[in-house]
Amino acid sequence: NLPASTSINDEEEASGAANTHVVAHHYNELKEAGRKERHKSKIYFMRNFNNWIKSQLINEYMALIKQQKRIGDALRVLDMCCGKGGDLLKWDKAAISHLICTDIAEVSVEQCKRRYQDIAQRADKSKFGNKFTAEFFACDSTMVRLRERYKDASLQLNLVSCQFAFHYCFESLVQADCMMRNAAECLQPGGYFIATMPDAYEIIRRLKAAGPDARSFGNDVYSIEFEGNANELPLFGAKYQFHLEGVVDCPEFLVHFPTLVKLGRKFGLQLIRRSTFAEYYKETLPQGRHLLQRMSGLESVQPQRCGNDEQFAHVRKTVGTQRGRAVGTLSKSEWEATTLYLVCAFKKCKNSWDA
Ligand code: SAM
């Protein structure tokens with residue numbers, strides 16, 4: 001369990017966004033690795049696996065939205081903290097009609113926009129390509145009301161997606177409140193907010209397992225280090241330094257899940273799913289096996305590596321074989337890193353909650 005949380009004090013509330021510029025700087029400076037470099041990365045298979053988890057999540061909730069709609073109805077999506085546009089092809093495949101992309105890192109937003117233009121150009125040339133309109137802007141989703149930046153502030157969204165980023169807003173209540181409002185306020189009733197983020201319970205479990213006074217843990221692909229006393233963590237601003245091989249090296253914040261759920265409720269969002277990556281993998285594998293094998297870099301054969309955990313062994317077996325042939329698969333370190341995360345989904349019930 002998480003340590004008992006203290007109540008929100010004035011200082012926490014007023015603390016604001018002391019770390020957002022560090023995060024923005026980190027992502028702005030991040031170089032986009034070429035194909036060859038990506039293949040050589042120690043977390044190559046984990047990145048593919050994470051991508052598959054995102055695809056499964058997007059497909060699951062897009063399918064639910066499509067069930068409520070008539071053919072030809074518009075499908076509008078907000079990709080909050082879109083990064084360099086790693087999910088653009090997923091939106092393309094989901095046959096959406098309009099996409100809003102925003103991120104705090106201007107360099108990433110520019111790259112995302114260019115990627116979108118490439119996809120749109122390809123769709124122009126091919127008669128099979130889907131074409132969706134899109135808008136892009138850089139801004140801090142924890143401080144700015146996003147709808148004021150949309151081309152049409154009255155726009156109604158069907159889906160809001162925030163992948164591997166919502167935890168940044170748990171620096172303070174003010175920021176978390178703003179980000180949750182941004183996720184919820186333009187969603188149509190019946191629409192969904194989906195996210196992936198680190199699982200605070202799992203982080204604390206591993207920290208405790210590392211020793212009573214431990215402040216850090218990790219392996220050769222990731223590390224987590226708390227600055228102060230990890231036995232007295234606040235509800236907001238529970239800061240740790242996260243390092244992930246070649247991709248992330250910046251401050252992050254624990255997301256106290258009951259607080260996240262409460263914040264969602266404030267804006268009319270009801271929690272309908274919370275699953276760890278390991279659980280979600282197991283649950284959605286029957287429908288996603290083919291896609292997983294396609295997305296797992298099957299051309300690069302990995303040497304056998306260690307692994308004794310039951311779930312990990314299952315992933316190795318599933319991802320690692322195709323027609324009996326050994327192919328690329330996750331290392332144990334990658335599995336440990338990916339199982340730090342959870343997926344969650346909220347349904348927009350109404351515009352305010354009188355609980
Ligand atoms: N969602 C993308 C994906 O799945 O590929 C990017 C994930 S990346 C791990 C986290 C992203 O969150 C970065 O692009 C970063 O710039 C963005 N981010 C962090 N804090 C933010 C904030 N306060 N407002 C908007 N974006 C933020």
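Tutor: Start with a rule: two strands pair if DSSP finds at least two bridges between them. Keep in mind that this model is predicted.

Student: What makes E8 and E9 a pair?

Tutor: Strand E8 (residues 239–244) and strand E9 (residues 248–253) share 6 bridges. The rule asks for at least two, so they pair. The sense is antiparallel.

Student: Which residues face each other across these bridges?

Tutor: Phe242 has Cys250 in E9 as its bridge partner. Tyr240 stands opposite Glu252 in E9.

Student: What do E8 and E9 form, and how many residues lie between them?

Tutor: They form a hairpin, with 3 residues between the two strands. Gly246 sits in that turn with a positive phi of about 70°.

Student: Why is Gly246 called partly exposed?

Tutor: Count its neighbours. Gly246 has 16 other C-beta atoms within 10 Å. Buried needs 20 or more, and exposed needs 12 or fewer. The count of 16 falls in between, so Gly246 is partly exposed. As for distance, its C-alpha atom is separated by 28 Å from that of Asn59, 187 residues apart along the chain.

Student: Which sheet holds the hairpin strands, and what is its order?

Tutor: An open sheet of 4 strands, ordered E6-E7-E8-E9, with antiparallel pairing. Strand E6 (216–218) and E9 are the edge strands, each pairing on one side only. Neighbouring strands here are turned by 15° against each other on average, direction ignored.

Student: How many strands form the sheet that includes E10, and what is its pairing?

Tutor: That open sheet has 7 strands, in the order E3-E2-E1-E4-E5-E13-E10, and its pairing is mixed.

Student: What makes E3 and E10 the edges?

Tutor: Strand E3 (133–138) and strand E10 (269–276) each have a single partner strand, so one side of each has no neighbour in the sheet. The twist from one strand to the next averages 15°.

Student: How do you know that E2 and E3 pair?

Tutor: Strand E2 (residues 98–103) is joined to E3 by 6 bridges. At least two are needed, so the pair qualifies. These strands run parallel. One facing couple is Asp103 and Ala138 in E3.

Student: Which helices lie across E10 and E13?

Tutor: Helix H9 (residues 257–266) lies across E10 and strand E13 (341–348), at about 150° to E10. Helix H10 (residues 277–295) also lies across E10 and E13, but runs at about 90° to E10.

Student: Which residues of H9 are buried?

Tutor: Leu260, Leu263 and Gly264.

Student: How do you know that the buried residues of H9 line one face?

Tutor: Look down the axis of H9. The buried residues fall within an arc of 100°, so they line one face of the helix. The general geometry fits: an α-helix has 3.6 residues a turn, so residues three or four places apart point the same way.

Student: What covers the buried residues of H9?

Tutor: The cover includes helix H7 (173–184), E10 and E13. Just after H9 comes Gly268, with a positive phi near 80°.

Student: Why is Ala94 called buried?

Tutor: Ala94 has 22 other C-beta atoms within 10 Å. The cut-off is 20 or more, so Ala94 is buried. Ala94 lies in the loop between helix H5 (88–93) and E2. Leaving out residues up to four places away in sequence, Ala94 touches Ile58 and Met62. The C-alpha atoms of Ala94 and Lys66, 28 residues apart along the chain, are separated by 9.8 Å.

Student: How many residues surround the ligand, and which are the closest?

Tutor: There are 18, and the closest are Cys81, Gly83, Gly86, Gln163 and Ala165. Helix H2 (residues 20–29) gives the largest share of the shell, with 3 residues.

Student: What is the make-up of that shell by class?

Tutor: It has 9 nonpolar, 7 polar and 2 charged residues. Gly counts as polar in this scheme, so Gly83 and Gly86 belong to the polar class.

Student: What does the whole chain come to in helices and strands?

Tutor: The protein chain has 12 helices and 13 strands. Of its 355 residues, 41% are buried. Among contacts with a separation of 6 or more, 77% join residues 24 or more positions apart.

How values were computed
Residues are numbered from 1 along each chain as its sequence is written. This is a predicted model: local features need pLDDT of at least 70, side-chain atom pairs count only at pLDDT 80 or more; totals for chains, interfaces and linings use all residues. A residue is near a molecule or strand if its C-beta atom, placed from the backbone, lies within 6 Å of it. Axes are lines fitted to C-alpha atoms, for helices over the stretch in contact, and angles run from 0 to 180 degrees between N-to-C directions. Two residues are in contact if their C-beta atoms, placed from the backbone, lie within 7 Å. The arc is that of the directions from the helix axis to the C-beta atoms.
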